[in-house]
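Me: I've got a model open and I'd like to know what stands behind the labels people put on it. Can you take me through them?

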Amino acid sequence: MARACAVRRVDVPLPSAWAAVADHVDMANWAPGMAATMERLGNDDPNGVGAIRDITLPPGRHIREEITDFEPERRLGYRALSGAAFPDWTGEVELAEHQGGTVIRWSLSCRSSIPGTSLFLRISALVMVSALAKATKRKA
């Protein structure tokens with residue numbers, strides 16, 4: 001398994017950071033070049049466990065992801081159902097309060113024996129956590 005993570009601290013309260021993480025459709029407003037639609041809503045929360053989001057990536061590629069973990073103001077986990085570059089693609093966004101702000105940790109993993117996959121994951125996690133950090137400031 002290849003794994004990577006990226007961490008950012010933002011000067012916004014945890015509820016504001018969670019609002020950005022948990023709103024899948026709003027991803028279009030902060031994720032670089034991405035858009036998301038909901039294929040299926042979650043079991044207990046529309047954006048929660050069981051929800052399936054269809055993410056459009058440039059130049060029109062689609063990844064379908066299912067939300068596997070949803071702990072409000074704490075953690076959102078997902079796995080790719082189709083369209084991912086590597087098999088067993090999973091991600092997790094964890095939030096924690098820290099000195100009046102929020103620490104965001106975005107982790108990615110997949111199955112791959114291709115050299116450089118961990119670097120690809122690290123860059124992807126950095127891009128996503130940086131974009132999310134900017135979005136949290138707009139939502140605050």
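**Strand pairs and the sheet**

Reply: Let's start with one rung: A35 has T56 in β3 as its bridge partner. Keep in mind that this is a predicted model.

Me: What makes β2 and β3 a pair?

Reply: Five bridges join β2 to β3 in the antiparallel sense. Pairing takes at least two bridges, so β2 and β3, with five, count as paired.

Me: How do you know that β1 and β7 pair, and in which sense?

Reply: Here the count is nine bridges, and the two strands run antiparallel. The cut-off is at least two, so β1 and β7 qualify. One rung to look at is V10, whose bridge partner in β7 is T102.

Me: What joins β6 to β7?

Reply: Nine bridges again, antiparallel. H98 has G101 as its bridge partner in β7. The two strands form a hairpin with two residues between them, and Q99 in that turn has a positive phi of about 50°.

Me: Why are β1 and β2 called edge strands?

Reply: Go through the order of the open, seven-stranded sheet: β1-β7-β6-β5-β4-β3-β2, with antiparallel pairing. β1 and β2 each have a single partner strand, so one side of each has no neighbour in the sheet. On average, neighbouring strands are turned by 25° against each other, direction ignored. α1 packs on this sheet, touching β4, β5, β6 and β7, and its direction makes about 165° with that of β6.

**Buried or not**

Me: What makes β7 a mostly covered strand?

Reply: Eight of its ten residues are buried, and buried means under 20% relative accessible area.

Me: Is C110 buried or exposed, and how do you know?

Reply: C110 comes out at 0% relative accessibility. The limit for buried is under 20%, so C110 is buried.

Me: Why is M128 called buried, when some of its surface is still accessible?

Reply: M128 has a relative accessible area of 9%. Buried asks for under 20%, so M128 is buried. This residue sits in helix α2. Beyond four places in sequence, M128 touches W30, A31, M34 and W106.

Me: Which residues does W106 touch?

Reply: Leaving out residues up to four places away, the list for W106 includes A4, C5, A6, W30, Y78 and E92, along with M128 and L132. W106 is also one of the residues that touch the most other members of the largest nonpolar core, a set of 41 residues; the others named are W30, W89, L95 and L132. The largest share of this core, eight residues, comes from α2.

Me: Why is V49 called partly exposed?

Reply: Its relative accessibility is 36%. Buried is under 20% and exposed is over 50%, so V49 falls in between and is partly exposed. V49 lies in the loop between β2 and β3. Outside its neighbours within four places, V49 is in contact with G42, N43, I67, T68, D69 and F70.

**Cysteines**

Me: How do you know that C5 and C110 are not a disulfide?

Reply: The closest cysteine sulfur to that of C5 is in C110, 14 Å away, which is too far for a bond. A disulfide needs the sulfurs within 2.5 Å, so this pair fails. Seen from C110, the closest cysteine sulfur is the one in C5, at 14 Å. A search of the whole structure finds zero disulfides. As for C5, its relative accessible area of 25% makes it partly exposed.

**Backbone oddities**

Me: What makes E73 and D88 worth a look?

Reply: E73 has a positive phi of about 65° although it is not a glycine. It lies in the loop between β4 and β5. D88, also not a glycine, has phi near 55°, and its place is the loop between β5 and β6. With 35% relative accessibility E73 counts as partly exposed, and with 44% D88 counts as partly exposed too.

Me: Which peptide bond is cis, and how do you know?

Reply: The one from P58 to P59, where omega is near -5°. P59 lies in the loop between β3 and β4.

Terms used
Residues numbered from 1 in each chain as written. Predicted model: local features only at pLDDT ≥ 70, side-chain atom pairs only at ≥ 80, totals over all residues. Heavy atoms only, no water. Helix = DSSP H or I, 4+ residues; strand = E, 2+ residues; numbered from the N terminus. Buried < 20%, exposed > 50% of the residue type's maximum accessible area, 1.4 Å probe, protein only. Contact = heavy atoms within 4.5 Å. Core = buried A, V, L, I, M, F, W, Y, C linked by side-chain atoms within 4.5 Å. Axes fitted to C-alpha atoms, helices over the stretch in contact; angles between N-to-C directions.
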